[in-house]
Amino acid sequence: MPIRLLKANRDRATLKRIRAVTDTALSHLEVDELLRILLERISALLGTDTATILLMDPSGRELITAATIGLEEELSLDVRVPVGVGFSGRVAQLGQPVVVEQVDEDNVYSRILLDKHLTSLAGVPLMSGGRVVGVLRVGTKEPRRFTEEDIELLRIAADRASVATQARLSQLERVTTLALQRSLLPSRPPFVPGLDVAVRYIPGAQIGVGGDWYDVFELPSGHVGLVIGDVAGNGLRAAVVMGRVRSALRAYSMETTDPADVLSRLDRKIQLFEPEALVTAAYAVINPERTAATVSVAGHLLPIALDTVGGGRPIEASVDLPLGAIPRARRHLVSLDLERGSGLLLYTDGLVERRHQPIDEGIDKLLAGLTNDNAETLCANATSSLLHNEAGLDDVAVLAFRIT
Amino acid sequence: MGLTVTTQQRDRAVRVGVDGDIDIATRDELDSGLFGAIASTGTGLVEVDLTGVLFIDSSGIAVLLKNRRRAEEAGVRFRVVAASDLAERILRVCGVWRLLNEGLE
């Protein structure tokens, strides 16, 4: 056969091999199934006796078997390998392919590989965003040389596996975050005597669920606490911290009705137990008679005082430092008189901050759009006029009340 | 929009110039830039220039404050010495300008 044809045949064979592991039909499979089929195809193409995918656990210190076929199949999936130790551990540590032509006690971690009389091993890292997220490893009983092409094929399969597992992880995180966030932010506030209250939460287009929160609660004394806040960050981490901060604030609200005192205590708690967190919040306490409120603001946009005729303007208060910024920050409170029909609108920065526009423009627009409507309509109007019925990039929380 | 963080030694201070929007997508770049500046300063002074920053959200403010604290713990002075009107206004509205600019509460 002429050399050119030989080469063409070889290219075609190579292409076929690559297609076997990049087959788009695979993307319809569940992740576990996809990993298993990838391993089967790799094993068939390379003629190996075992093929395994290990994934990095969240600590980044151990690899855990996620899928395996061949010799190790009957073994438990929960085999853990420390990073840096043994064959797979070394692949993960180096972040590069490793080939061992003759297995011995020094280069493998798992007794299993020795017991199964494996002779040659090849492994490549699963990479995502420049980090090692797992290892794909194959092995043979007979001595075998792994060529550069073999390694390249393993790399392609590893990429495929990495995309699938990372997609599942982020999907899992999204679902968990959403569930947590929904449980913490009820879409209907509780009924509070003497108050008309409404709330809104809108996840951001860019960041998804973030750390914005609101809360409304009535205390045994008849006081009512209303809070809006923003835990910096997004995703599951921010939602978890938000949940802790939210319940800590509730706990301190039972100790004192002074909002500045509550925020000071919360600040100390955050400094000690969440040193990485930074939280802004505006916290208002309404008296049992519903004739006055006291408000303290920690690095947050000033709440808007709603008058009885459909207008409103930011309350006159000093904005103290966010919670978690510096130890023992000074906190102030202001008192406001309330009457029937007046109230407050509290919101987070996502509502009014627009790229490359002064933040005051967004606030002015919010003020200009206020009406004499009830709390529910106020929230609806504010979010629809400022966000144009589209999700902004940042998440948004809004809380409004009027005295009834 | 991307973010550019440049660091240069100027007289006694490490000057960190920031250009672009600081948000959830770029905060990590700012964080590592500031961290590097704090770690590398020999004179104990880091000056941050936000003249090229036209947008900063709450996650960006968090990064500035966290690094200010990180610097303080390392015995390094950390100041935002300049900012665009838009950025300064946001930092003022959020009550953190004086702390970042003058080191005062």
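This note sets out numbered remarks on a predicted model.

1. Overall form of chain A. The chain holds 404 residues, and its radius of gyration is 29 Å, whereas a compact globule of that many residues would have a value near 22 Å. Along the principal axes, the C-alpha trace of chain A covers about 95 × 45 × 35 Å. Buried residues account for 45% of chain A.

2. Secondary structure and contacts of chain A. Nine helices and 16 strands are assigned to chain A. Of the contacts between residues at least 6 apart in sequence, 64% link residues at least 24 apart.

3. The pairing of β1(A), β2(A) and β3(A). Strand β1(A), residues 50–56, runs antiparallel to strand β2(A), residues 62–70, and seven bridges connect the two. One of the bridge pairs joins A:Ala51 to A:Ile69 of β2(A). The hairpin made by β1(A) and β2(A) has five residues between the strands, and A:Gly60 in this hairpin adopts a positive phi near 75°. Strand β2(A) also pairs with β3(A), residues 80–82, again in the antiparallel sense, over three bridges. Here A:Leu63 has A:Val81 of β3(A) as its bridge partner.

4. The five-stranded sheet of chain A. An open sheet is formed by five strands in the order β8-β9-β10-β11-β14, with antiparallel pairing. Its edges are β8(A), residues 210–218, and β14(A), residues 334–337, each of which pairs on one side only. From one strand to the next, the twist averages 15°. In a regular strand, side chains alternate between the two faces of the sheet.

5. Details within that sheet. Eight bridges join β8(A) to β9(A), residues 224–234, in an antiparallel arrangement. Among these pairs, A:Glu218 is matched with A:Val224 of β9(A). Helix α7(A), residues 259–273, lies across β10(A), residues 279–286, and β11(A), residues 292–298. The helix runs at about 150° to β10(A).

6. The contact between the chains. Chain A contributes 26 residues to the contact and chain B contributes 21 residues. On the side of chain B that touches chain A, at least two residues come from each of β3(B), residues 45–56, α2(B), residues 58–73, and α3(B), residues 85–93. The largest share there, six residues, belongs to α2(B). Sorted by class, this side of chain B comprises twelve nonpolar, three polar and six charged residues.

7. A:Ile359 and its surroundings. Is A:Ile359 buried or exposed? The residue is buried, because 22 other C-beta atoms lie within 10 Å, and the cut-off for a buried residue is 20 or more. A:Ile359 is located in helix α8(A), which covers residues 359–368. Leaving aside residues up to four places away in sequence, A:Ile359 touches A:Val352 and A:Glu353 in chain A, together with B:Arg89, B:Ile90 and B:Val93 in chain B.

8. A distance across chain A. How far apart are the C-alpha atoms of A:Ile359 and A:Asp115? The separation is 67 Å, and the two residues are 244 residues apart along the chain. This may be read beside the extent of the C-alpha trace of chain A, about 95 × 45 × 35 Å along its principal axes.

How values were computed: Residues numbered from 1 in each chain as written. Chains lettered and ligands numbered in written order. Predicted model: local features only at pLDDT ≥ 70, side-chain atom pairs only at ≥ 80, totals over all residues. Contact = placed C-beta atoms within 7 Å. Helix = DSSP H or I, 4+ residues; strand = E, 2+ residues; numbered from the N terminus. Nonpolar A, V, L, I, M, F, W, Y, C, P; charged D, E, K, R; others polar. Pairing = 2+ DSSP bridges. Rg over C-alpha atoms; globule rule 2.2 N^0.38 Å. Buried ≥ 20, exposed ≤ 12 C-beta atoms within 10 Å, placed from the backbone. Axes fitted to C-alpha atoms, helices over the stretch in contact; angles between N-to-C directions.
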